[in-house]
Amino acid sequence: MRMYDIIAKKRDGKELSDAEIRFVVNGYVAEQIPDYQVSALLMAIYFNGMTEQETASLTQYMAMSGDIVDLTYFGDFSSDKHSTGGVGDKTTLIVAPIAAACGCKVAKMSGRGLGHTGGTADKLEAIKGYKTNISGDEFFNIVNKVGVAVVTQSGNLTPADKKLYALRDVTATVESIPLITSSVMSKKLASGAKNIVLDVKYGSGAFMKTKEDAEKLAQSMVNIGKLCGRKTTALITDMNTPLGFAVGNSLEVIEAIDVLKGKQKGDLYEISIALAGNMIALANNISEQEAQDKARRALDSGMAFLKFREWIVAQGGDANCIDDTSRFDTAAYSMEIKSSSGGFISCMDCEKIGAAAAILGAGRITKEDKIDLTAGIILSAKTGDYVGFGDRIATLYSNSKEKLSEAAAIYKSAIQTGSAPQRSPLIYKTIK
Ligand code: URA
């Protein structure tokens, strides 16, 4: 088999065989195929797409390129959740303990934030003592005993995705539905869960800017999950407004704890119930409605909060911070942003809001950047809220005084006021 012929075949719009895809994935990971040939193939895939069968082969060979976590011990109850990334998206911190309180076994590998989006692993590290890097045995034991553990992606999970993603990033081939599908789903397959709930976001703060593209991606991921023997559901959700009010690591953890303690409802509460409900429905083979009722009871009764506390303590986190969130470290400087006009907030550019938070220190521009866990933004008004001239619309936090003005200018440019906007539903569609 020659890589040249495979590139030419895809360039001409033909379907690659399973053997050809295996040759590419294995050869690239073994460094037998150079970056320039894989780049050419990625661009051919970008333009000509892949059939469902090709996408399934690619996903499976990527998943098999490294370690596979074995969760068969947990039978039908191993459950995972994945978000395609957003601003203020701290749902894992709420959803995982709700699902665990309802009997799911959540063994989760989480990523770090990059660009304008946050990552769960960074958020958890804002809790003093929490260890995101524990041994495989410890991870397994905590899932078994508590029902939930969340760690960073371990060393040799899907090395094919690490190499391919890095190459896509520099060859303008990230935004391809079969390539995103195989990247996300290979990690989910290798992480071992039987049940997978995907939160596919669309809008100004998401990868997919339109509902239509998000739906295509969601459908593709659900199809592949099912083809590979996993129960998979995708929720297509709105990311034109940040979720909740906090953006930035420790600020988001505090907000998640407030929701778990029953102090905050709204969009973050509702989306958490929907995501956890779908995990519970898949694991227990019950209707979505029944599962959502269970999720709501677990959250409203405080059971989910107790499960959260148990999980955090099991991974070394300081329970005092959980019980009293004023113990979290805080940023040295803050700045209030006032509205320079009156009217309804008609539109928020989430990507800019995420970028403002990153400038304050909450995010990374490159993977090596160190982040400031206390930096971020607390929103005082969101899309649809009425604000008067001079009203506070947000407060910025940072340990770098100089960054405040730069971030403030970006934040202001992200907010438009005008007449009352038509609110889109938080959950646009569920694909099963
Ligand atoms: N997230 C991933 O893990 N992979 C992609 O390709 C896009 C988003």
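Visitor: Let me start with a residue in a loop: is Asn285 buried or exposed?

Guide: We compare its relative accessible area with fixed cut-offs: buried means under 20%, exposed over 50%, and partly exposed in between, using a 1.4 Å probe and protein chains only. Asn285 has a relative accessibility of 66%, so it counts as exposed. Before we go on, note that this is a predicted model: local features need pLDDT of at least 70, side-chain atom pairs count only at pLDDT 80 or more, and totals for chains, interfaces and linings use all residues. Residues are numbered from 1 along each chain as its sequence is written, and side-chain values use heavy atoms, leaving out hydrogens and water.

Visitor: Where does Asn285 lie, and what is its phi?

Guide: First, the naming of elements: helices (H or I, at least four residues) and strands (E, at least two) are DSSP runs, numbered from the N terminus. Asn285 lies in the loop between H12 and H13. Its phi is near 55 degrees, a positive value in a residue other than glycine. Ala172 also has a positive phi, about 55 degrees, although it is not a glycine. Ala172 belongs to the loop between H8 and H9, and it counts as exposed because its relative accessibility is 55%.

Visitor: Let me try a helix residue. Is Thr120 buried or exposed?

Guide: With a relative accessible area of 12%, Thr120 is buried. Its place is in helix H6 (residues 120-125). To see what surrounds it, we look for contacts, meaning heavy atoms within 4.5 Å. Leaving aside neighbours within four places in sequence, Thr120 is in contact with Thr92, Leu93, Ser110, Gly111 and Val150.

Visitor: And which residues does Gln264 contact?

Guide: Gln264 sits in the loop between helix H11 (249-260) and H12, and it is buried because its relative accessible area is 17%. Again without its neighbours within four places in sequence, its contacts are Gly244, Phe245, Glu255, Asp258, Val259 and Tyr269. Gln264 and Gly244 are 20 residues apart in sequence, yet 9.0 Å apart in space, C-alpha to C-alpha. A polar contact is a pair of N or O atoms within 3.5 Å; within protein, one must be able to donate a hydrogen and the other to accept it, and residues adjacent in sequence count only if both atoms are side-chain atoms. One such contact, of 2.8 Å, joins the side chains of Gln264 and Glu255.

Visitor: What about Arg296: which residues does it touch?

Guide: Not counting residues up to four places away in sequence, it touches Tyr269, Glu270 and Ile273. Arg296 lies in helix H13 (residues 288-300) and is partly exposed, with a relative accessible area of 28%.

Visitor: How many residues does the largest nonpolar core have?

Guide: A nonpolar core is a set of buried Ala, Val, Leu, Ile, Met, Phe, Trp, Tyr and Cys residues joined through side-chain atoms within 4.5 Å. Here the largest one has 89 residues, and those with the most contacts inside it include Ile98, Trp311 and Tyr411. Helix H12 (residues 267-284) gives the largest share of this core, 12 residues. At least three residues of this core come from each of domain 2 (72-323) and domain 3 (330-418). Among the residues that Tyr411 touches, beyond those up to four places away in sequence, are Ile337, Met348 and Ile393.

Visitor: You mentioned domains. Which ones does the assignment give?

Guide: Domain bounds come from an automatic or database domain assignment. For this chain they are domain 1 (3-49), domain 2 (72-323) and domain 3 (330-418). The centres of domain 1 and domain 2, taken over C-alpha atoms, are separated by 31 Å. In this pair, 12 residues of domain 1 are in contact with 12 residues of domain 2.

Visitor: Last one: which residues surround the ligand?

Guide: A residue is near a molecule or strand if one of its heavy atoms lies within 4 Å of it. The ligand is surrounded by Tyr165, Arg168, Ile180, Ser183, Val184, Lys187 and Phe207. Helix H8 (159-170) and helix H9 (177-191) each supply at least two residues of this shell, and the largest share, 4 residues, comes from H9. A polar side-chain atom of Ser183 lies 2.6 Å from a nitrogen atom of the ligand. For Lys187, an N or O atom in the side chain is 2.4 Å from an oxygen atom of the ligand.
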